[in-house]
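Biologist: I'd like to learn how to read a model like this one, feature by feature. Can we put it on the screen and start with a strand?

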Amino acid sequence: MELLRPSSPEEATGALGNGSRALAGGTELVPLIRDGLVKADTLVEIRDVVPRGVTGTRIGAGTTLAELELDGEIPQALREACAQAASPQLRSMGTIGGNLLQATRCWYWRLGFDCWLHGGETCFARDGAQREHAVFGNDKCASAHPSDIAAALLALGATLRTTRREFAVAELYRLPTDDDRNVTTLAPDELILEIELTTPDASTYLKAMDRRKWSFPIVGVAAARFGGETRIALAGVAPIPWLLDSVAILDEATPLPGTGYKVEIARALVRRAIEAI
Amino acid sequence: MSEATVPKLELGRVGESLPRVDGIPKVTGEFAYSSDLQAAGMLWGHTVRSPHAHARVGTIDISAAVGMPGVHAVLTHEDIPGEKRYGLEFQDQPVLAYERVRYFGEPVALVAAEHPEQARRAAERIRVEYEPLEPLVDPERATEAEPLHPDRPTMGHGYRDDPRPNIVRSLVIRQGDPAAEGDVAVSGVYEIGIQDQAFLGPESGLAVPDGEGGVDVYVATQWLHVDRDQVAPCLNLKPEQVRIHLAGVGGAFGGREDLSMQIHGALLALHTNRPVKIVYNREESFVGHIHRHPAKIWAEHRASRDGRLVNVRVRILLDGGAYASSSTAVTSNAASFAVGPYAVDNALIESTCVYTNNPPCGAMRGFGAVQVCFAHEAQMDKLAEALDIDPIELRLLNALGPGGSLPTGQTITGTLPVADVIRRAAALDVPEAEELPRDPMRLPGGSGNTTRGEGVRRGVGFAVGFKNIGYSEGFDDYTAARVQLHADGSATVHCAAAEVGQGVANVILQVARTELGVRDVALAPHTTATVDSAGSASASRMTWMVSGAVRDACRAALEEWDKKGRSLEVDVERIYRHPRTTPLDPETGQVTGERAHVAYACAAMRVVAEVDVELGLTRVVWIGTAQDVGHAVNPQAVQGQIEGGTAQGLGLALMEEIQTRDGLITNASFTDYLIPTTLDMPPVVSELIEEAEPDAPYGVKGVGEPPTVVSTPAVVAALRAATGRELSRVPVRPDDIVGL
Ligand SMILES: Cc1cc2nc3c(=O)[nH]c(=O)nc-3n(C[C@H](O)[C@H](O)[C@H](O)COP(=O)(O)OP(=O)(O)OC[C@H]3O[C@@H](n4cnc5c(N)ncnc54)[C@H](O)[C@@H]3O)c2cc1C
Ligand code: SF4
């Protein structure tokens, strides 16, 4: 395997695609390669080409979660989402860019089962253990998106700047379809460079977990208030981060037999998040 | 964590609180664990494992692996010079699979190479022809399925002959009139998920050929001599040609009682004539050792109007997984303790363990008592409610004690202060609910910041349990110690007792200092090379057994020294045995002699929990316990065992469970298999009830298991009190609390 260290975004994107992958903190990518879930013959280290740090409302995609959780200037929802993610060791390596692009934790997928998301026919979560799985957008793949940070950015209405375009964070994600089972819209040779934040009047992130610390969200709720309008987004409820247009949409959830409790948790947490801001 | 006062070190004798000899090196990172071992010219071993839970094994083509860079050996079952099967109690487990694999991760082939990565890559080139078979994963169907072990390895060992297929052991205990009626009856069905020992130090060791055909194996294990006795026949060596040396153990809890890399490392070392190191990774560790038996328990308790138990009927089904390991003893423990530490004249208990293609199960802290305690304590609470009697009163009313008898007919001849532990635990001051607002870390949900008090209910739970100390049912259990007195007045003790973190090294030193009256006592490396067996670091037996053996050896050494005019060097070895036990009658489950178990220890625990009933998130606020510990050799270490054991039971209550799909473990990592962190564990207030056990040296008892036995039911009782839910399965997770 080859490791490249490009010094400009152009050089980096030129090297990407065709069996090469961008390497940021490596906390997600390296285990996936080790487990044979990602095949890459070249790793392109993007440390020197992707901005790092916070400037006003702009966050470099190479900023670590540890740096963000200490930043008093960024909106509270994002700061809390970072502080509540993973463990201190992972947060000091893991970047916000990499976090947005992490793959599902569905263990059938992680174990390499030939499941629908991997291109197969069946979703094994449907007739197996499924309490971690989705309640929305789950008719093909019932995986739950694990990113706390993505939910926070979605509620905050953040936008992304990549090597090609600028777009709302909501457009980074797509529900996978039979023809295209990707959950993001990023091209193989496209890099996220910056995240542009809005400034809400108040925001918060609440996270229900199976343990008091250091675990993925069962349900995470990000809420941000802009004047009279409140935006709410959820982690852990759909194959992608889920924007909740209204609280009533929770009544339209399509839980699996084992995931109905997530709807109840989401209902209570959404209420509490709204009250908190 | 509770505070233990450390008195000034005098001599470090029995009864003094002493810091652990391995404590500071462990916290400062200087302690060498088995995975830190190195030897010049060392190769790395790698194990090829079955990706199927059940398959026929055809040809194994190693040709592509043999010539890979750095590869020195590729071995299959054909390369085993001796016995092809081994086992802790029954020789039913292939060293390397042939004909059939029966569980996910079963070892099939071995590679040794210069670098671990080379070994791993070569392993990928080995082609194994598998014909997948339908895995047997439902223990309730096991007795109707095709037999996984047609040769029935556990039959004919004095157990009831149960002709059904896939029975590891089935034991029925009948006492009094099993049809006896009471005034009230309560019943329930309880389930316990598969818990993992989750030790932090993965299986690892180093095998070094001795140049004369023999081998030295340095390994993290629990029972050196029984490792040796399993390794030697497979290598076709005499026992003395195999020396097992204890390497630094990073936790054990029963999971190292069976072999892991021992035979494999030795085979590779002898084959290559080079030292070979094997270290499992975390995922491999999850498939590389046995687990706690998952169980389903059907219980019915009948009682008189005034609250006396009249008849207890329990059926226990344990899933043993693919191989027998110590399942037969777990089966009988579960049966023996199914009623709990209560007196009852009539009982019908059926305990059955079956083979399946699920992960193999065996010893884990609490050994059969954990599963049944969860059921009997839930039943006692139900009964208290049905009778409208205070649950603690009900327990006191039925408490077993010395002179009382168990459903097996065994009379309690030693100490068993059940009523005392109940009263003392119940008398502990439960803290008042803290004022709101609070820091999120002091609320359910913890760092997730999920509540400021909304939805939070408080509950207090109580549980009592007991367990045997030592090996049972006629097992010839002994411990050897060897003492050398040196001319300069110092002494060396040899004992093969595995220090697994429980503090037995301190016990050995404390006993020796007490008996010899000198401070300068050294502990020789734990090994099979210089001393006879110490038995297993399990069954809460080691403190008792080692105390007896070291005491006897010290006294004999002093006698010898006196005889020799107090000048020459002395070197004596003594063997200690606890009171003899006898088997249970295979038909009635009744004792055939004075005792089937050596002795018992009990504990009671009170737990305060808060539950956010809208989210199902919990916070265990406070734990108080009173435990029957005999005479505490090292009170500080006893408290450590109580806290650690309680945490392990809390883990089972709230989060720990191995998940499987068609026999495959799906959460073999500490990302997906959650264990409690220090934030999940509240402070533990522990009261030590010190009553000297009459049959034991210095009146000691084992202390490691009772806290694990009682903490699971005590935590769940608190959750029930807070939520009003039945919660009949552990672990209890948010979906069990808010589920519809
Ligand atoms: C045990 C564990 C627990 C965790 N718990 C949580 C949790 O509770 N909540 C949570 O939100 N997350 C959690 N995570 C995820 C963690 O936050 C991410 O692994 C981390 O942020 C990824 O960042 P990285 O820099 O290491 O990414 P890498 O591993 O380097 O990359 C991840 C992916 O993103 C791509 N990539 C990275 N940066 C860019 C970029 N700028 N442009 C384009 N592509 C890019 C890579 O090619 C790769 O595909 C956990 C992870 C682990 C391992
Ligand atoms: S939930 Fe998605 S990732 Fe998981 S098994 Fe189903 S299709 Fe595969």
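Biologist: Which residues of β13(B) sit on one side and which on the other, and are they buried or exposed?

Modeller: In a regular strand, side chains alternate between the two faces of the sheet. Here B:V242, B:I244 and B:L246 are on one side, B:R243 and B:H245 are on the other, and all of them are buried, so both faces are covered. "Buried" means 20 or more other C-beta atoms within 10 Å of the residue's own; 12 or fewer is exposed, and in between is partly exposed, with C-beta atoms placed from the backbone. Taken as a whole, the strand (residues 242–246) has 5 of its 5 residues buried. One thing before we go on: this is a predicted model, so local features need pLDDT of at least 70 and side-chain atom pairs count only at pLDDT 80 or more, while totals for chains, interfaces and linings use all residues. Residues are numbered from 1 along each chain as its sequence is written, and chains are lettered from A and ligands numbered from 1 in the order in which they are written.

Biologist: How many bridges join β12(B) to β13(B), and do these strands run parallel or antiparallel?

Modeller: Strands of a sheet pair through backbone hydrogen bonds, either way round: parallel or antiparallel. Strand β12 (residues 215–219) of chain B is joined to β13(B) by 5 bridges, and the two run parallel; we call strands paired if DSSP finds at least two bridges between them. B:V215, for instance, has B:V242 as its bridge partner. Add helix α4 (residues 224–235) of chain B, and β12(B), α4(B) and β13(B) form a right-handed β-α-β unit. Right-handed means that, with the strands pointing away from you, the path from the first strand over the helix to the second runs clockwise. The element numbers count from the N terminus over DSSP runs: helices are H or I with at least four residues, strands are E with at least two.

Biologist: What is the strand order in the open sheet of 6 strands in chain B?

Modeller: Read it as β9-β17-β16-β15-β10-β28, with mixed pairing. β9 (167–175) and β28 (729–730) stand at the edges with a single partner strand each, so one side of each has no neighbour in the sheet. Strand β10 (residues 184–192) pairs with β28(B) in the parallel sense over 2 bridges, and B:I192 stands opposite B:V730 there. On to its other pairing: β10(B) and β15(B) run antiparallel, joined by 9 bridges, with B:V184 opposite B:A303. β15(B) and β16(B) are antiparallel too, over 9 bridges, and B:R302 stands opposite B:N311. Their hairpin has 5 residues between the strands, and B:G307 takes a positive phi near 100°.

Biologist: Which strands does helix α7 of chain B lie across?

Modeller: Helix α7 (residues 327–336) lies across β9, β16 (309–321) and β17 (346–355) of chain B, at about 25° to β9(B). Helix α8 (residues 369–387) of chain B packs on the sheet too, touching β10, β15 (295–303), β16 and β28, and its direction makes about 150° with that of β10(B). Angles run from 0 to 180 degrees between N-to-C directions, along lines fitted to C-alpha atoms (for helices, over the stretch in contact).

Biologist: How do I read a loop residue such as B:A539: what is it in contact with?

Modeller: Contact means C-beta atoms, placed from the backbone, within 7 Å. Beyond its neighbours within four places in sequence, B:A539 is in contact with B:F367, B:I469, B:G470 and B:Y471. It lies in the loop between β21 (521–523) and α12 (542–563) of chain B and is buried, because 29 other C-beta atoms lie within 10 Å.

Biologist: And the ligands: where does ligand 1 lie?

Modeller: Ligand 1 lies between chains A and B. It is surrounded by 32 residues, the closest being A:A24, A:G25, A:G94, A:G97 and A:G98; a residue is near if its C-beta atom, placed from the backbone, lies within 6 Å. By class, that shell has 18 nonpolar, 11 polar and 3 charged residues. Ala, Val, Leu, Ile, Met, Phe, Trp, Tyr, Cys and Pro count as nonpolar, Asp, Glu, Lys and Arg as charged, and the others, Gly among them, as polar. Ligand 2 has 14 residues around it, and A:C106, A:W109, A:C115, A:C123 and A:C141 are the closest. Its shell has 11 nonpolar, 3 polar and no charged residues.

Biologist: Last one: how many residues of chain B are in contact with chain A?

Modeller: 29 residues of chain B are in contact with 26 of chain A. Helix α15 (residues 734–738) of chain B gives the most to that side, with 3 residues.

Notes: Two residues are in contact if their C-beta atoms, placed from the backbone, lie within 7 Å.
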